[in-house]
Amino acid sequence: MPASSRGTALVVDDSPANRGLLEALLQREGFATVCAENGLEAVERFSADNVDMVFMDVMMPVMDGIEACRRIKALAGERFVPVIFLTALKDDDSMWRCTEAGGDDFLGKPFSFAALNSRVRAMERIRDLNRRLVEQHRMLTCAHERDLLEQQLAERIFNRVVAARNVATDRIGVLQRPATLFCGDLVLTAHLPDGGLRVLVGDFTGHGLGAAIGALPVTEIFHSMSWDGARDTDLLAEINRRLFELLPADRFMAACMATLPARDGELRFWNGGMPCALLSGPRGRRVLSSRSLPLGILPELPGDGALERVPVQGDERLLMVSDGLLEAEGLDGTMFGEAALYSLMETAVGGPLLPELVRTLDAHCAGVEQRDDITVVEIPMDGVSGPRAHGKGAGMTDGWRWSMEWADRRLVGAPAVLEALRPLGLLDGLEAHAGALEVIVSELYANALEHGLMRLPSTMKVDSDGFDAYYTERARRLAEGVRGSIALELSYEPLDDGGQLVVRISDSGRGFDPGTLVPVEEALLRPWGRGIALVRELCESLEFFAGGSLAEAVYRWQGSRAV
């Protein structure tokens, strides 16, 4: 077909003369042509050739044009292929039957070259517009499905690494409502060495996987430094430094943090870019406003001036909220706002605020889909301290090595390694790093199973269709039974100021090409290989050996902080 061709036209007519004339006119206008002398042959030719436009006679033997048009439209599916009927029929019933079958235009017999040319150009404009719309819809669908997959991965990270390590969840009120699939706002809680409690509420710019990636280092730093009994300012400075290094310039985390020492009577509070926190009790309401920039904007935080020391009493309650609550929209577009929050606190003195806040928020939103995540944390000033669980710097003093192997029918989902290590006492003193260990093991195990044993290529997941095909094939192969084995070896070594865990996972497959390790930020933008990118982000090093069938990850920390 010549490069200047306008596509392929199918000419359907039982008259050789009519077919010849129409063919000549269409070829003169730059079309390639194929012909059929009845409706049945037309359907067969349409199936065999990449047809862009159909010229269909109505009255023909074997199969008439109306039935042929109906079948051709069914075969075309979502692809718009114009069908122009060639007919001498003028009655309304015939015209309606042609339209009902899917006909797009009519050309009366006998026709002129000018009439044919005008019909063709009109149909080409409609066809081209339709195809652009279909392609745009396909791209939007792919982007939406990719976003959902990222949201699912982010939710998995939050559930396994972030939320699972929180403490005092039965004594603190927490409300989190996602704007999309999951809530990307961060809520972290940890006991201090003296039994006190520290709570951080964070709100990242952006949602989904981007927020989850930022949450990983914040979670590790928060829990490890709280375990060590680090000062509030030191903890905040370390989180700020890490986010400044990790996140692009337009990303940061607004946050507020409350620390309640085991002794009663004082609250240490810091607010960087979050809405005002509120202390409420029988003696009235106190406002704790932001005194600092969000974390991750500047390379260093200002001095201690932003940290407040607030005298409190046991009958008071602290309320920390994200801006998603204040900006929650109702049916008329009005926001929930601070006024509604203040009014609620005035009428709910003496008891928990969260139940009434939920009822008020539900009545305001009335089912309206919100644009931002909503997070509320309520902390009573009494009854949240825990036991003195450890001394500062506590941890394992002896190294250990542990191994496990899975084979054939036992090769299924990610292994429950933490459940195996805890009864043996191997995680004593290492709980601050348990979440990171679980992510590393589960991602490397999945890599060995899917790529080492199943030989599934990650690049299948380049688009939404590829994702579906990948996981459909994965499920099929698991159902049929995977042959082979995966071995896991974990070792812990205490260091002078910290320690390290080494994770080695090998499989009995023929190996695979792990590819060139691009920067983590670039890897996270691709629709495949993001699990390995998470491992690289957590670990000091990740290397593949033996043609890809052996992976070794080294996770190291100083004090209790990952490096």
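How many salt bridges does the structure hold? The count comes to 31 salt bridges. The model is a predicted one. The sections below take up the open sheet, the charged pairs, the nonpolar core and the aromatic pairs.

The open sheet has 5 strands. Their order is S2-S1-S3-S4-S5, and the pairing is parallel. Strand S2 (32-36) and S5 are the edge strands, each pairing on one side only. From one strand to the next, the twist averages 20 degrees. Strands of a sheet pair through backbone hydrogen bonds, either parallel or antiparallel. Strand S1 (residues 8-12) pairs with S2 in the parallel sense, over 5 bridges. Within this pairing, alanine 9 stands opposite threonine 33 in S2.

Two helices lie across strands of this sheet. Helix H1 (residues 16-28) lies across S1, S2, strand S3 (53-57) and strand S4 (83-87). Helix H1 runs at about 165 degrees to S2. Helix H2 (residues 39-48) lies across S1, S2 and S3. The angle of helix H2 to S2 is about 145 degrees.

Side chains of opposite charge can pair when their charged atoms come close. One salt bridge joins the side chains of aspartate 104 and lysine 73, at 2.8 Å from N to O. This pair links distant parts of the chain, 31 residues apart. Aspartate 104 sits in the loop between helix H4 (92-100) and strand S5 (105-108), while lysine 73 belongs to helix H3 (residues 65-76). Aspartate 104 is partly exposed, with a relative accessible area of 28%.

A local pair occurs in helix H7 (residues 232-246), which holds both glutamate 238 and arginine 241. Their side chains form a salt bridge of 2.6 Å, N to O. The two residues are 3 apart in sequence, about one turn of the helix. Is glutamate 238 buried or exposed? Glutamate 238 is buried, because its relative accessible area of 15% falls under the 20% limit. Arginine 241 is partly exposed, at a relative accessible area of 33%. The pair also belongs to a network of salt bridges, which links Glu238, Arg241, Arg242, Glu245 and Glu537.

Arginine 371 and glutamate 329 form a further salt bridge through their side chains, at 3.7 Å from N to O. Arginine 371 lies in the loop between helix H10 (354-365) and strand S15 (374-380). Glutamate 329 lies in the loop between helix H8 (323-326) and helix H9 (337-347). The pair therefore ties together parts that are 42 residues apart in sequence. Arginine 371 counts as exposed, with a relative accessibility of 71%.

In soluble globular proteins, nonpolar side chains tend to be buried together. The largest nonpolar core has 45 residues. Leu444, Leu490 and Val503 touch the most other members. Several elements give two or more residues to this core, including strand S16 (400-407), helix H12 (434-453), strand S17 (485-495), strand S18 (498-507) and strand S20 (550-558). Helix H11 (417-421), helix H15 (530-538) and strand S19 (541-545) are also among them. Which element gives the most to this core? That element is H12, with 11 residues. Neighbours within four places in sequence aside, valine 503 is in contact with Leu437, Ile440, Val441 and Leu444. Its contacts also include Leu488, Glu489 and Leu490, as well as Ala551, Glu552 and Ala553.

The structure holds 5 aromatic pairs. One of them joins tryptophan 406 and tyrosine 445, with ring centres 5.5 Å apart. Why is this pair edge-to-face? Its planes stand at 80 degrees, and planes over 60 degrees apart count as edge-to-face. Tryptophan 406 lies in strand S16 and tyrosine 445 in helix H12, so the pair ties together parts 39 residues apart in sequence. Tryptophan 406 is buried, with a relative accessible area of 12%. Tyrosine 445 is buried as well, at 2%.

Tyrosine 492 and tryptophan 557 form a stacked pair. Their centres are 6.0 Å apart, with 10 degrees between the planes. This pair links distant parts of the chain, with tyrosine 492 in strand S17 and tryptophan 557 in strand S20, 65 residues apart. Both tyrosine 492 and tryptophan 557 are buried. These two residues also belong to one aromatic cluster, formed by Trp400, Tyr492, Tyr555 and Trp557.

How values were computed:
Residues are numbered from 1 along each chain as its sequence is written. This is a predicted model: local features need pLDDT of at least 70, side-chain atom pairs count only at pLDDT 80 or more; totals for chains, interfaces and linings use all residues. Side-chain values use heavy atoms; hydrogens and water are left out. A salt bridge is a side-chain nitrogen of Lys or Arg within 4 Å of a carboxyl oxygen of Asp or Glu. Helices (H or I, at least four residues) and strands (E, at least two) are DSSP runs, numbered from the N terminus. Buried means under 20% relative accessible area, exposed over 50%, partly exposed in between (1.4 Å probe, protein chains only). Two strands pair if DSSP finds at least two bridges between them. Axes are lines fitted to C-alpha atoms, for helices over the stretch in contact, and angles run from 0 to 180 degrees between N-to-C directions. Contact means heavy atoms within 4.5 Å. A nonpolar core is a set of buried Ala, Val, Leu, Ile, Met, Phe, Trp, Tyr and Cys residues joined through side-chain atoms within 4.5 Å. Rings of Phe, Tyr and Trp (its six-membered ring) pair if their centres lie within 6.5 Å; planes under 30 degrees apart count as stacked, over 60 as edge-to-face and the rest as tilted.
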